[in-house]
Amino acid sequence: MSTTLIKGGTVITATETMDADVLIDGEKVVALAARGSQKWKGDKEIDAKDKYVLPGGIDVHTHMELPFGGTFASDNFETGTRAAAFGGTTTIIDFAVQAKGGSAMEGYEAWRAKADGNVAIDYGLHMITGDINEQTLKEMDALMGEGVTSFKLFMAYPGVFYSTDGEILRAMQKAAEIGATICMHAENGIAIDVYVEQALKRGETDPIHHALVRKSLLEGEAAHRAIVLAELTGARLYIVHMSAKEALEEVKAARDRGLPIFAETCPQYLYFGLEEMGNGFEGAKYVCSPPMRDRAAGHQEALWKGLATNDLQVVSTDHCPFCFDEHPELGIQKKLGLGDFSKIPNGMPGVEPRFEVTYQGAVNQRGFSVNRFVEIVATTPAKLFGLFPKKGTIAPGTDADIVIFDPKKKHTISVKNQHMRVDYSAYEGLEVTGKVETVLSRGRVIVDGSDYLGKPGDGVFLKRGVSGYGG
Ligand code: DUC
Ligand code: ZN
Ligand code: ZN
């Protein structure tokens, strides 16, 4: 096994800021010591002078190759995880899908087959349980044994992924019994579909109407209902991709009552509003669910405040890209919805810019500590989803998943320099200060500046434990 020494940098974890050298042996961090205090030599040495040495990012919400709206998310596990690595993310948790009428175990195996041998970084899986029945409830036990310890349910998308309240209740009872976490897409899809139909009848077909029909109160209502069902059953609940202040208020109140309720938001909700969706069909680039919200109504500032106060605990991406223009292999994607916003595939690219745009917004613009940044993009995701302390921090014994980050380097986010397999960047032209320079995955340098040094299959499947929080 070879050793690597990262020397001269500032190591920042969720709890410590240390001028320290980091010694790696094989795949693991084996020691840290005050900068220059030890005469360590590494087979490979990386100079991190004036740089931050950070735990690799953990994005707990991605959808590689997700079948959706008559097409597939444009990144596969190879392209999407390579892009993640360039962006400073060294672990993803993707969502395997149980189709209606299908077996959850088969869905899990299908996702393993897509990912194994192709991933650039380590990955875990949640399970979208799209069909809650006796068989599925039994399969939840088997999936726990495989390290799939979280299950996503949808209160949106009737006829596709949607679960009734009764189905949610059953799944939560089971989750509480076995220690699993329920991830919830909290939007009242039944009510939303009525607004969709009415808008289309009025001839309101542009992408902006996707945002206007998916009302923030309906996100708040669904969050409330999910929390009530979780409280009744004792389940641990994690509300995904929160965008509405009404939903955040529900989470705050539940946490204040001591319930094990958690929530994430995503960079798109922290950066964009209705303006981005209103530019004719260009707005399709920002169509995802839940949608962008009205900045003037205070949603965005509420989310930032939630991250500052820990009412929100995680920034993930809901990475689910679709090409704007026709793609030679994938065909027509966003433009399936020309003339009918309800046919625009829902989702945005985000796995690559997450680390840098979150740093920009949180640390540079709002004065969050770098420790808090690390906590929301790596440490808490690892703790909540059964990966800590193997992942999510830098300490003796942890996997050497490390980002060397230049906090002074300015650069501009653009489709021209991104690696995701999609033809636009939602952040086109955004200037940020702070750049991911070098990325190590289990001790190996896989990204060095603009060079990719890894290969498909470098990453492995992570059998996760139960959540380290609540319940
Ligand atoms: N939301 C999206 O925007 N895309 C995929 C699934 C989801 O819940
Ligand atoms: Zn969702
Ligand atoms: Zn999602």
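In what follows, donors are N, O and S atoms within 2.8 Å of the metal, and because water is not among the atoms, sites may look incomplete. The model is a predicted one.

**Exercise 1. The zinc site**

Identify the protein donors of the zinc ion (ligand 3), state their spacing in sequence, and explain why H63 and D318 tie together distant parts of the sequence.

Solution.
Step 1. The protein donors are H61 through NE2, H63 through NE2 and D318 through OD, and they lie 2.0 to 2.1 Å from the zinc ion (ligand 3).
Step 2. Written along the sequence, these donor residues of the zinc ion (ligand 3) follow the pattern H-x1-H-x254-D.
Step 3. H63 belongs to the loop between β7 (57–62) and β8 (67–68), while D318 belongs to the loop between β16 (314–315) and α12 (354–365), so this pair ties together parts that are 255 residues apart in sequence.
Step 4. A distance of 3.6 Å separates the zinc ion (ligand 3) from the zinc ion (ligand 2).

**Exercise 2. The surroundings of ligand 1**

Determine which residues surround ligand 1, and describe its polar contacts with S289, D318 and N346.

Solution.
Step 1. The residues around ligand 1 are K152, F154, Y157, H185, H241, C288, S289, D318, C320, N346 and G347.
Step 2. Sorted by class, this shell holds 4 nonpolar, 5 polar and 2 charged residues.
Step 3. An oxygen atom of ligand 1 is 2.8 Å from a backbone N or O atom of S289.
Step 4. A nitrogen atom of ligand 1 lies 2.8 Å from a polar backbone atom of N346, and a nitrogen atom of the ligand lies 3.5 Å from a side-chain N or O atom of D318.
Step 5. Ligand 1 taken alone exposes 240 Å², of which the protein buries 99%.
Step 6. The largest cavity is the space that ligand 1 takes.

**Exercise 3. Backbone geometry**

Describe the peptide bonds from S289 to P290 and from F388 to P389, and the phi angle of H241.

Solution.
Step 1. Most residues other than glycine have a negative phi, and most peptide bonds are trans.
Step 2. The bond from S289 to P290 is cis, with omega near -5°; P290 is in the loop between α10 (274–277) and α11 (299–309).
Step 3. The bond from F388 to P389 is also cis, with omega near 5°, and P389 is in the loop between α13 (370–384) and β17 (402–412).
Step 4. H241, a residue other than glycine, has a positive phi near 30° and is in the loop between β14 (236–239) and α8 (245–256).

Conventions: Residues numbered from 1 in each chain as written. Chains lettered and ligands numbered in written order. Predicted model: local features only at pLDDT ≥ 70, side-chain atom pairs only at ≥ 80, totals over all residues. Heavy atoms only, no water. Near = heavy atom within 4 Å. Polar contact = N/O pair within 3.5 Å; in protein donor to acceptor, adjacent residues only side chain to side chain. Areas by Shrake-Rupley, 256 points an atom, 1.4 Å probe, with all protein chains shown as cover. 1 Å grid on protein atoms, 1.4 Å probe; cavity = no way out; pocket = protein on both sides within 12 Å on 5 of 7 lines; lining within 4 Å. Sits in = over half its atoms within 2 Å of the grid points. Nonpolar A, V, L, I, M, F, W, Y, C, P; charged D, E, K, R; others polar. Donors = N, O, S within 2.8 Å, 3.2 Å for Na, K, Ca; no water. Helix = DSSP H or I, 4+ residues; strand = E, 2+ residues; numbered from the N terminus.
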